[in-house]
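These notes are meant for a colleague opening this entry for the first time. Please read them with the sequence and the structure side by side, taking the points in order.

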Amino acid sequence: MRKVLSFSGFLILGLVISQFLPMLAGNGYGTVKLVANVLLYVCLSFIMINVGREFVLDKSHWKSYAQDYFIAMATAALPWFMIAIYYVFVLLPPEYWNSWEAWKENLLLSRFAAPTSAGILFTMLAAIGLKSSWIYKKIQVLAIFDDLDTIILMIPLQIMMIGLRWQLIIVVVIVFWLLAIGWRQLNKYDWRQDWKAILFYSVLIFLATQLLYLGSKQLYGEEGSIHIEVLLPAFVLGMIMKHREHDTPVERKVSSGVSFFFMFLVGMSMPHFIGVNFAETHTGTYSVTGSQEMMSWGMILFHVVIVSFLSNMGKLCPMFFYRDRKLSERLALSIGMFTRGEVGAGIIFIALGYNLGGPALVISVLTLVLNLILTGIFVLWVKNLALRSYSN
């Protein structure tokens, strides 16, 4: 529980600092943001490599995972669609309801609600003694597929944001090439997997994606650049490693430290929004969400509660499947998917790169914080339902 609250605390701390950073950094603000972004991408690579390392499947029984994948896809899609609809029809004026620009921006921004935090969830369920249960084993598969689906769907979302250009065909080819490598070489390479090695791999992935971006930018300009986010390459790298357990105090401390630092950096990356006229600040870099006026804090908190409710209702999808199991087990499985964490925060950070902002961004960040705070309650709820299921 302390770890989960720390995630929220670091995210809030970063969010508070982000509002005073322009004043504190002065002329060095651009340099501070650049360094923070580099560190953030390296941390995100570190986290996604570890998520990929958990992707352990028996390929000889791949058909048995088909149902799990589609259930995980639905579990990620429902909260995503529900929040996108809410953002468009509730947060935006009626003149934007039929606007393609508004829809594509909110489809990207609302994607933060799709991924379940695999790392937080697995750690907490194992800590309360559920590691040998059906709930744990099934939720492990669903949460990983959930994250994979989120990563894959970010590609068409980004294509919608920047338009269909020949460079995007290269991006699609790279994506399918990475996925093919990940599947064919799944859990094959017995490489070093201690925290130092993972951090080294993370730096390499960041450098590779940046070199591709900067090289294509040099040749074809900003509009013709090829930008591959670190999410998928890092995940695939984790997939092809032969899984090893490094459950030592040092490994746990470093892994938690990287996650805490990442959440802090995500918070610190938020745009300055207190007392800002968004219609003026986004002149020349227009986005529908970023141009909306800020609401009162009371109204923002109201929307945070509603968005949290919608995102978690969408995550109840697994309850309607696996009919051979008890209802309490299926409900426990669904509630376990409520947990949010680093991948969702990474989606919010990516959305920032497209000038998405305004009240929808603040609501998304605070919804993530609220779900992190509630994670301990969610896990205890899962434990009580599991005990009830297995004691009967």
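1. A starting place is Ser-45, which sits in helix H2 (residues 29-53), where helices (H or I, at least four residues) and strands (E, at least two) are DSSP runs numbered from the N terminus. Ser-45 counts as buried because its relative accessibility is 0%; buried means under 20% relative accessible area, exposed over 50%, and partly exposed in between, with a 1.4 Å probe and protein chains only. Leaving aside residues up to four places away in sequence, Ser-45 touches Ser-202, Ile-205, Val-230 and Ala-234, contact being heavy atoms within 4.5 Å.

2. Before going further, please note that this is a predicted model, in which local features need pLDDT of at least 70 and side-chain atom pairs count only at pLDDT 80 or more, while totals for chains, interfaces and linings use all residues. Residues are numbered from 1 along each chain as its sequence is written, and side-chain values use heavy atoms, with hydrogens and water left out.

3. On confidence, the protein chain has a mean pLDDT of 79, with 84% of its residues reaching 70 or more; pLDDT is the predictor's confidence in each residue, from 0 to 100. Among the elements of the chain, helix H12 (residues 297-314) has the highest mean pLDDT, 91, and helix H11 (residues 278-281) the lowest, 43. Over residues 276-285 pLDDT stays under 50, and for this stretch the model has 16 contacts beyond four places in sequence.

4. Returning to H2, its packing against helix H9 (residues 231-239) is at an angle of about 40°, with the axes 6 Å apart; axes are lines fitted to C-alpha atoms, for helices over the stretch in contact, and angles run from 0 to 180 degrees between N-to-C directions. H2 is therefore oblique to H9, since angles under 35 degrees count as roughly parallel, over 145 as roughly antiparallel, 65 to 115 as roughly perpendicular and the rest as oblique. Residues making this contact include Ser-45 and Met-48 of H2 and Ala-234 and Phe-235 of H9. The residues of the contact divide into 9 nonpolar, 3 polar and 1 charged, where Ala, Val, Leu, Ile, Met, Phe, Trp, Tyr, Cys and Pro count as nonpolar, Asp, Glu, Lys and Arg as charged, and the others, Gly among them, as polar.

5. A second helix pair is H3 (residues 66-91) with H12, which pack at an angle of about 150° with their axes 7 Å apart, and the two are therefore roughly antiparallel to each other. The contact is made by residues including Tyr-86 and Tyr-87 of H3 and Phe-302 and His-303 of H12; by class, the contact of H3 with H12 has 13 nonpolar, 4 polar and no charged residues.

6. Two loop residues deserve a look at their backbone. Asn-187, in the loop between helix H7 (166-184) and helix H8 (195-220), has a positive phi of about 55° although it is not a glycine, and Asn-187 is buried, with a relative accessible area of 16%. Tyr-322, in the loop between H12 and H13, likewise is not a glycine and has a positive phi of about 50°; at 8% relative accessibility, Tyr-322 counts as buried.

7. Helix H13 (residues 327-336) is mostly covered, with 8 of its 10 residues buried, Leu-333 being one of them. Leu-333 is 9.9 Å from Lys-137, C-alpha to C-alpha, although 196 residues separate them in sequence. Lys-137 belongs to helix H6 (residues 134-162) and, at 51% relative accessibility, counts as exposed.
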